[in-house]
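Hi everyone, thanks for making room for me today. I'd like to walk you through one structure, so please have a look at it with me.

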Amino acid sequence: DKTGTLTEGKPKLVDVISLNGTDEKELLATTVAVERLSDHPLADAVVRGSQERLNEIDIPGAEDLESITGRGIQARVNGSVVHIGNRGLFDHVGGKSLSDDLRQRVEHLESEGKTTMVVRSGDRYLGILGLMDTPREDAREVIRQLRDIGLTHLIMLTGDNQQVADAVAKELDIDDPKGSLLPEEKVEAIKRLREEGQNVAMVGDGVNDAPAMAHSTVGIAMGAAGSDVALETADVALMADRLSTLPFAIELSRKTKTIIKQNLWISLGMVVVLIPATILGLNIGAAVLAHEGSTLVVVFNALRLLGYKPDF
């Protein structure tokens, strides 16, 4: 997953573009009125960034908030229905469509890797907001480490549009970015990979990631920053808000599997030797000593994991 996993998950409001003669303060005040009713991470970023620009401006009241999954939100402000969301929102709800100029402005912002939000009050488009979520500092290094340990097919899933996905993927050196995905479409992407006979590990931190984790071979949650639903669904929780623990977790799991196999061979091998040896006259005391000795070997072999350090 992109937001909150490969990126910081703390987007900032970086662009405010007023349209159709709308005053910037009107655009931001209307936006804050609606977005402060929402608990979405993008809404928090918009409210925080807008209030820094508005200073002491009074914010109108909003009511009847409705979330339109994967597209945006709507609410009523001063008697008018306000829609805030991506381009797909306005195709979904109908009404006056986006002009060519507006689409070009949105596409330009998205080509720079920014998430865009278009604001419409009634049939009047008030403006466009651009938000930027920066990749984690260690994300590119983690991607390199994953390739070094043999994970060659790295896919990024995001609800952001494809242009934003492509920009982030290019920066982080990810092969296959898939953008504009609704939560159920993330699940379908996982299912398709598994139907092709591939083992899939899904890494995420949010509520929207939980269904995809549930359908993957292994679900991995960002433990410190992950939502409760993601942590409950995941098979593995990284107990730190650092993506750099992911390659270590994978290598540790591989080493653990190797030691489990070694211990099985030691345990079963000793049984295979001791049973016929005892039947053929081996002293029972010596047999017990050998058996308990193999148990100690198994324990100390497993304890080697405490000092395990990967090669990267």
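One definition before we start: when I say that two elements are in contact, I mean heavy atoms within 4.5 Å. And please keep in mind that this is a predicted model.

Let's begin with helix α3, residues 41-54, which lies across β1, β5 and β6 and runs at about 65° to β1. Those strands belong to an open sheet of six, and the order is β1-β6-β5-β4-β3-β2, with antiparallel pairing. At the edges you'll find β1 (12-18) and β2 (62-68), each pairing on one side only. From one strand to the next, the twist averages 20°.

If you zoom in on the β1 edge, β1 and β6 (residues 124-132) run antiparallel and are joined by six bridges. As an example, Leu13 has Leu131 in β6 as its bridge partner. A second helix, α2 (residues 24-35), also packs on this sheet, touching β1, β2, β3, β4, β5 and β6. The direction of α2 makes about 75° with that of β6.

Now to the other sheet I want to show you. Here three strands, in the order β9-β10-β11, form an open sheet with parallel pairing. The edge strands are β9 and β11, each of which pairs on one side only. The twist here averages 20° from one strand to the next. Between β10 and β11, which run parallel, there are three bridges, and Met222 stands opposite Leu238 in β11.

These strands come up again in the second largest pocket, whose volume is about 980 Å³. Of its 35 lining residues, Leu151, Val200, Ala201, Met202 and Val203 are the closest to the centre. Elements giving two or more residues to that lining include β9 (201-204), β10 (218-222), β11 (236-238) and α11 (245-279). So which element gives the largest share of the lining? That is α11, with six residues. By class, the lining has 25 nonpolar, eight polar and two charged residues.

Let's stay with α11 for my last stop. Searching the whole structure turns up two aromatic pairs. One of them is Phe248 with Tyr308, a tilted pair at 6.3 Å centre to centre, with 35° between the planes. Phe248 sits in α11 and Tyr308 in the segment after α12 (284-303), so this pair ties together parts that are 60 residues apart in sequence.

That's my tour, and I'm happy to rotate the view for anyone who'd like another look.

How values were computed
Residues numbered from 1 in each chain as written. Predicted model: local features only at pLDDT ≥ 70, side-chain atom pairs only at ≥ 80, totals over all residues. Heavy atoms only, no water. 1 Å grid on protein atoms, 1.4 Å probe; cavity = no way out; pocket = protein on both sides within 12 Å on 5 of 7 lines; lining within 4 Å. Points joined across faces, edges and corners; volume = space filled by probe spheres on them. Helix = DSSP H or I, 4+ residues; strand = E, 2+ residues; numbered from the N terminus. Nonpolar A, V, L, I, M, F, W, Y, C, P; charged D, E, K, R; others polar. Pairing = 2+ DSSP bridges. Axes fitted to C-alpha atoms, helices over the stretch in contact; angles between N-to-C directions. Phe/Tyr/Trp six-rings, centres within 6.5 Å; stacked < 30°, edge-to-face > 60°.
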